[in-house]
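Visitor: I am new to this structure and would like a close look at a single part of it. Could you take one helix and go through it slowly with me?

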Amino acid sequence: MVDLNKIIQAKRTINDFVYKTPFALAPKLSKLYGAEVYLKSENLQRTGAYKIRGAYNKIAHLTDEERAHGVIAASAGNHAQGVAMSAQKFGVHAVIVMPEATPLLKVSGTKALGAEIILKGDNFDEAYAFALEYAKEHNLTFVHPFNDEFVQAGQGTIALEMIEEVADLEYIVVPVGGGGLATGVCSCAKQINPDIKIIAVAAKGAPAMHDSFVAKKPLNSKSVRTIADGIAVRDTSEITLSTIIECVDEFVQVDDEEIASAILYLLEQQKIIVEGAGAAGVAALMNAKFAFPAGAKIGIILSGGNIDVQMLNIIIEKGLIKSHRKMTINVTLVDKPGALTGLTEILRRANANIVKIDYDRFSTNIEYGDAQITITLETKGKAHQEDIAWALKNAGYDFREIL
């Protein structure tokens, strides 16, 4: 457990550089789930994630000699930008090792902060192993994303701010990858108020820390696969695990579909953009992964907002289909003048808005003299889609829905 005094000292250290992010009541979530739900918006932090808290606190405590040699970090993105910005503030050269599949947004964002980038490995753990060797070869100080007390103390300042604003907070929901955030947060919260319940949330596609918590011993995953790249950690840290076992009350998992739904909900209903890891806590709430009494005061940490634009687009498109607000149909027509007009007139009367249309006369899968039309429609829910299907069938059209 990180000593509370070290977290308080970290708050003083980072106070003039790191933002005190909003910790605000989310009325719609609160009403929907019968609780007072507060969101700690670390997606609005410098670099778009909480990681700068720990990185800045660590670099602030380096010796002059260590700063002269430079620092190195391994990260999927958020820790990278935190280290890069902090190093830039102190005039320290930073080398960042990132997995080869890191989203371009995070790579370019880190480069823009003056860091030297090395892409290496398929995941964080492979990048991490390379960075350790590189640090030895070039005499660089390694800034660990979670196995460092200065880093953990910096992350713990989040809980300090949450409790300062809502003194009678009853639950804190925190995403977990390597465990640095959870270690800092639960250390702080439990020393201030032992009755606060800490709910840790992991991605099902990166189960190492969750499985280790259940087994009460370190267990590693063979591989990781999740849209929550910020918590996609393969190997368990014994250092953070010990504190998590001591202080976390419940450890739950959410899958990628649940995370994606939470991202879309926050975007539409709260007007907040978060990445996969940032949505994990809300996903846990929305899918009843933990129990709480009516009216409970729940603080959820939105750990970051650096989501890849292409990933966000996929999540939006899938979400529209899942919520019956978009549908694609394939219709076979007799290829003659006016045939398409008749089809679109039916869709007009059904109040379906056409957003995309493809007319194919040459497919080998259709009969001579026919045409295959693929149409994407904006719709207003399941009942509306059923009305459209009925109208097409009633008019004698041969069609199928493409999922």
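Guide: What follows is a walk along one helix, with a short look at two other places afterwards. Please keep in mind that this is a predicted model, and that the values below are computed from it.

The helix is α5, which covers residues 78-90. Its length can be checked by simple reasoning: at 1.5 Å a residue, the 13 residues of α5 should span 18 Å, and because its end C-alpha atoms are 19 Å apart, the two values agree. Along this span α5 is mostly covered, with 10 of its 13 residues buried. The buried residues are Asn78, His79, Ala80, Gln81, Gly82, Val83, Ala84, Met85, Ser86 and Ala87. As for what covers them, the buried residues of α5 pack against two helices, α3 (52-60) and α6 (104-111), and against two strands, β3 (71-74) and β4 (94-98). After the helix comes Gly91, whose phi is positive, near 70 degrees.

For another setting, consider Lys318, which lies in helix α14, residues 309-322. Lys318 counts as exposed because its relative accessibility is 55%, where exposed means over 50%. In sequence Lys318 and Tyr33 are 285 residues apart, while in space their C-alpha atoms are 24 Å apart.

Finally, an unreviewed UniProt entry lists residues 328-403 as "domain: ACT". Over residues 328-403 the chain is 32% helix and 38% strand, and the end C-alpha atoms of that stretch are 7 Å apart.

Notes. Residues numbered from 1 in each chain as written. Predicted model: local features only at pLDDT ≥ 70, side-chain atom pairs only at ≥ 80, totals over all residues. Heavy atoms only, no water. UniProt positions renumbered as here; feature names shortened; annotations may be inferred. Helix = DSSP H or I, 4+ residues; strand = E, 2+ residues; numbered from the N terminus. Expected span 1.5 Å × (residues − 1). Buried < 20%, exposed > 50% of the residue type's maximum accessible area, 1.4 Å probe, protein only. Contact = heavy atoms within 4.5 Å.
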